[in-house]
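Here's a quick briefing to read with the model open beside you. Grab your viewer and follow along topic by topic.

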Amino acid sequence: MDTLLTAEIVANSPRFRRKSSTFVDAIHDLPEKADLAPAQLYSTESGRLFHSGRIVIITVGLPARGKTHISVALARYLRWLGVKTRIFHLGDYRRATIPFGEDMPDDYFYVNASASSVLLRQKIVRKCREDIYHFLNHENGQIAIYDAVNPLAAGRRSLAKEFAKHDIETLFIESWCDDERIIEENVRRVKISSPDYVGWSWEDAVKHYLTRISSRIPQFQTMEEKDLNYIKMINAGERLIVNNCSFGYLSHRIVFYLTNLHIKSRHTYFARAGVSQEATYKSDSSLSEQGEEYATKMTECLLRHRETEKQEMLDRGEQKYELKPLTVWTSTRRRTIETAKYLHESGYKVRQRSQMSQLNPGVCESMSEGRIRLEYPEEVAKHDLDPYHHRYPRAESYHDLAVRLEPIILELEREQNDLLIIAHESVLRVLYGYLMACNAADIPFLEFPRDEIIEIIPESYQNEARRIHIPGLPKEIIPGSPQDLKIPVPPSGVTTPMAGGLGSPQEGLATPQNGLRTPREPERITQQHVEDVV
Amino acid sequence: MVGLPARGKSLIAGKAMRYLAWVGIPARVFNVGRYRRHNTPQPSAKFFEPHNEEGEKMRRAAAEAAVSDMLAWFREDQGVVAILDATNSTRERRRWIYESCEKENVETLFVESTCDDEEVIMNNILEVKTTSPDYKGQDPEMAALDFRTRIRNYEQVYETIDENEKHYTYVKLINVGSTVIINQIKDYLSSRLVYYIQNLHIKPRSIWLSRHGESEYNLVGKIGGDSSISERGEAYAKVLPELMRKSGYPPNTKIVIWTSTLKRTIQTARHLAGTPGFGKLEWKALDELDSGVCDGLTYKDIADQYPEDFAARDEDKYNYRYRGGESYRDVVIRLEPIIMELERSENVIIVTHQAVLRCIYAYFLNTPQEQSPWMEVPLHTLIKLTPRAYGTEEQRFKADIPAVSTWRGKGTSAHHQEFPADQK
């Protein structure tokens, strides 16, 4: 109720801008500062990249085909690359325009709708389109993602023409499914959690929802318009048809990303590696006794948690609910591999990824903060100014790490199983930064204490992070890397947090100030696009 | 590869191989034509008639030999990506390839290029008849005629990849990428390859490379920095438009100049940018290799102040990363978007810096990683690269303007020196 009221107020304010809660995915926020994005390779004066012009990406597809999921995922990736991108969900506008509690007119999507429905439709679309123009013309936006059904060829052609008049290129992305299982899973996952279906069985709710869609949107034409730029994604990426996409690097990059994307939901867990015998980068030593103990407790905790989740789903009435298989990724560093040992022995698939090795600490390896300050005062000063991009002598910056992790990001999207990533805190920071759309400047300060496993649950509208407490760990191994220490990578073993926060990050950013501080019971924004409750 | 002759298959195969090698993935092309030429060096179109049993037998044998060598390469030499370059024009042939690979646990990705644009096909025919070993030393007109007959013979039996093969991983490029169908991509590397292939085109074009004109830092032997060009550098900038003309480019084409964001490249391209028909872009990614703490030092300073680094760099120049700076490997990674954009573009002249130019050059000429950082790229010289179906053609045009040498040999003292004449 509250979120709905907020949405209405915001939508009716001069410039509709969604602000998500501080503790969830920031993909719908737009950073206030003109910061470089995590993996941005170059910057331009206009703030637009790839020497491309302005582009509107327009989704096409019936409800429950994963359009919103695709829009959000794509925005996440483009923003990560430094392309100024924003999503405009037409459903948000519809919801904000149609008073709460009132249903939308039955003929809303009809070709021969009544005059009042046509007017309503126009009003909603106009508002959304005005915001798109504003974003592209006055906020240096480069890509606007227009998330709507767009069922008819004629409508799509006139959209393209309309945008072309403003010198804006269009790219349509259609999600088309003939695999009933994919559609049903989508409906289950994102559509019928709405209050309309409280007390319904899953099967009845799915059936009811699909019938309503087909009576609401009786006509849908799949894209065949050879004169338009489009990407047709068939059955969640099984096949992609790319037509006439001619605006360069960016459109190919989008196709590249989409070939790795799928709509299925899976959880990602992040865990630190255990403490090692020798806490230096170069030694690459084995786990200490405490590290072994951590590995056991972490494994037990994770498996217990997954069982609980399964039980919850069963209790909710999903009778045949099965957990997705769990795959483990570690780096090629000994500590992370050994932390995965128990999982490996229990038959879980463990893959080693060389790109996931921790940030190279360079010359600062195993130096105390005092010594670094003494020996490299200028570097420390530079680091203070830009901890994300600064590189200590012979070290890697977080930016280097983000660029190095790009293949991992794409494979992360590709992975179908649940995934546990065991890595150094620096790697977890960057990967978390991608999944939760953090500001680059905040990434070096994210905290991952060792007694918590982070679980990221993808929702089509935004990702959600939860923390799972690992009980019974000795206190001294819990603290994460001391977040305020001005060294690129703190020793990886036992560390004491530094007193007195040197250079804490600025306040008021989309990402929480002291790294992620997700509440145990995360506040969930229930998404009910109007199209979802047709 | 799948496709009729003259659809740019060899071009795609060769490029994909170079790209993979450039990013550090062992790759190799197995060209069935080469195996076939072993016994029939210059066959006429008759050889390719569908009912020529003798021809069919020999072509089959060539394919078998190529596939068997390819699988041996995977088994014994830790190959990662092999490209089987042949027409593979029938469903049956593709099934045989798929099954042979499956037996050895090798994933297959079919790349089909189809084209019904006569102009593109004719261009390719012209290209092939002048460069293919099949027609070496023959009358070009006769060669073109014969080649067209050969294509007709293939057309009779050609089966495009369709619904019957939807369980395969494939990518189908229709009319040079105006439509692309990507089917069942199962792993990241394939998706990356498909991404790369999509950026390719087969229109004729050239790429010109030049370093900036001699800079003030060059004069005093310092590396890095953001200095202006010297008087002689300015003289080079002035003759660059003339040098471009001399190197030859088709009239009425648009040529885009790419520079870095550093003064010396922008100044060097200044006069050229003022010439009609030229456009200009500045790229941060084309900036010189960042030499970190050594920025603004001479090689002698570096040898004095950082003797270990100086030696370490000679030891493995490709992977050596300057303190607080970059390695050649780092530069290659940051140049990847440039390479992608370059593949998409047509005529481009790049005015950039020594290390960056070496990396770009290495991509086009497939120079191994151990050699590329030591390559000589003299100042005041324009390099013209023209992609051909069977490799990249290189021409160099020297402006007659003296400049200091900025080249230093491996393991030598800390001075710039002349590149030894016998290695040129």
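A quick word on terms: domain bounds here come from an automatic or database domain assignment. On that basis, chain A of this predicted model splits into domain 1 (2-20 + 65-263) and domain 2 (268-477). Chain A and chain B touch each other, each has an open six-stranded sheet, and UniProt puts an active site in chain B.

**Chain A overall**

- Chain A has 534 residues, and 48% of them count as buried.
- Its secondary structure adds up to 16 helices and twelve strands.
- If you take contacts in chain A between residues at least 6 apart in sequence, 74% of them join residues at least 24 apart.

**How the two domains of chain A meet**

- The C-alpha centres of domain 1 and domain 2 of chain A sit 34 Å apart.
- Contact between them involves 15 residues of domain 1 of chain A and eleven residues of domain 2 of chain A.
- On the domain 1 side, α2 (67-81) and α8 (249-260) of chain A each chip in at least two residues.
- The largest share of that side, six residues, comes from α2(A).

**Where chain A meets chain B**

- Across the chains, 26 residues of chain A are in contact with 28 residues of chain B.
- On the chain A side, the elements giving two or more residues are β6 (239-243), α8 and α15 (406-414) of chain A.
- Here α8(A) gives the largest share, six residues.
- So α8(A) turns up twice: it supplies residues to the domain 1 side that touches domain 2 of chain A, and to the side of chain A that touches chain B.

**The sheet in chain A**

- Six strands make an open sheet in the order β9-β8-β10-β7-β11-β12 (chain A), and the pairing is mixed.
- At its edges are β9 (349-352) and β12 (463-469) of chain A, each of which pairs on one side only.
- From one strand to the next, the twist averages 20°.
- Strands β8 (residues 326-330) and β10 (residues 418-423) of chain A run parallel and are joined by five bridges.
- To find your way into that pair, look for A:T330, which stands opposite A:I422 in β10(A).
- Helix α16 (residues 425-435) of chain A packs on the sheet, where it touches β7, β10, β11 and β12 of chain A, and its direction makes about 155° with that of β7(A).
- Helix α9 (residues 289-315) of chain A lies across β7 (268-272), β10, β11 (452-458) and β12 of chain A, at about 35° to β11(A).

**The sheet in chain B**

- Chain B has an open sheet of six strands too, in the order β8-β7-β9-β6-β10-β11 (chain B), again with mixed pairing.
- β8 and β11 (391-398) of chain B are the edge strands; each has a single partner strand, so one side of each has no neighbour in the sheet.
- Neighbouring strands are turned by 20° against each other on average, direction ignored.
- Five bridges link β6(B) with β9 (residues 348-352) of chain B in the parallel sense, and B:R211 stands opposite B:T352 in β9(B).
- Helix α14 (residues 354-365) of chain B lies across β6, β9, β10 (381-388) and β11 of chain B, running at about 155° to β6(B).

**The annotated active site**

- According to UniProt (unreviewed entry), the feature "active site" is at B:H212 and B:E288.
- Those positions are spread over 77 residues of sequence but cluster in space, with a largest C-alpha distance of 10.8 Å.
- B:H212 is in the loop between β6 (207-211) and α8 (216-220) of chain B, while B:E288 is in the loop between β8 (278-282) and α11 (299-305) of chain B.
- Are they buried or exposed? B:H212 is buried because 30 other C-beta atoms lie within 10 Å, and B:E288 counts as buried because it has 24 C-beta neighbours inside 10 Å.
- Setting aside residues within four places in sequence, the contacts of B:H212 include B:R264, B:T268 and B:H353.
- B:E288, with the same kind of neighbours left out, touches residues including B:S260, B:L262 and B:H353.

**Nonpolar cores**

- The largest nonpolar core has 191 residues, and B:A16, B:L84, B:C359 and B:I360 have the most contacts inside it.
- Another core, of ten residues, lies apart from it, with A:I182, A:V187, A:I213 and A:A236 among its members.

Technical notes:
Residues numbered from 1 in each chain as written. Chains lettered and ligands numbered in written order. Predicted model: local features only at pLDDT ≥ 70, side-chain atom pairs only at ≥ 80, totals over all residues. UniProt positions renumbered as here; feature names shortened; annotations may be inferred. Helix = DSSP H or I, 4+ residues; strand = E, 2+ residues; numbered from the N terminus. Buried ≥ 20, exposed ≤ 12 C-beta atoms within 10 Å, placed from the backbone. Contact = placed C-beta atoms within 7 Å. Pairing = 2+ DSSP bridges. Axes fitted to C-alpha atoms, helices over the stretch in contact; angles between N-to-C directions. Core = buried A, V, L, I, M, F, W, Y, C linked by C-beta atoms within 7 Å.
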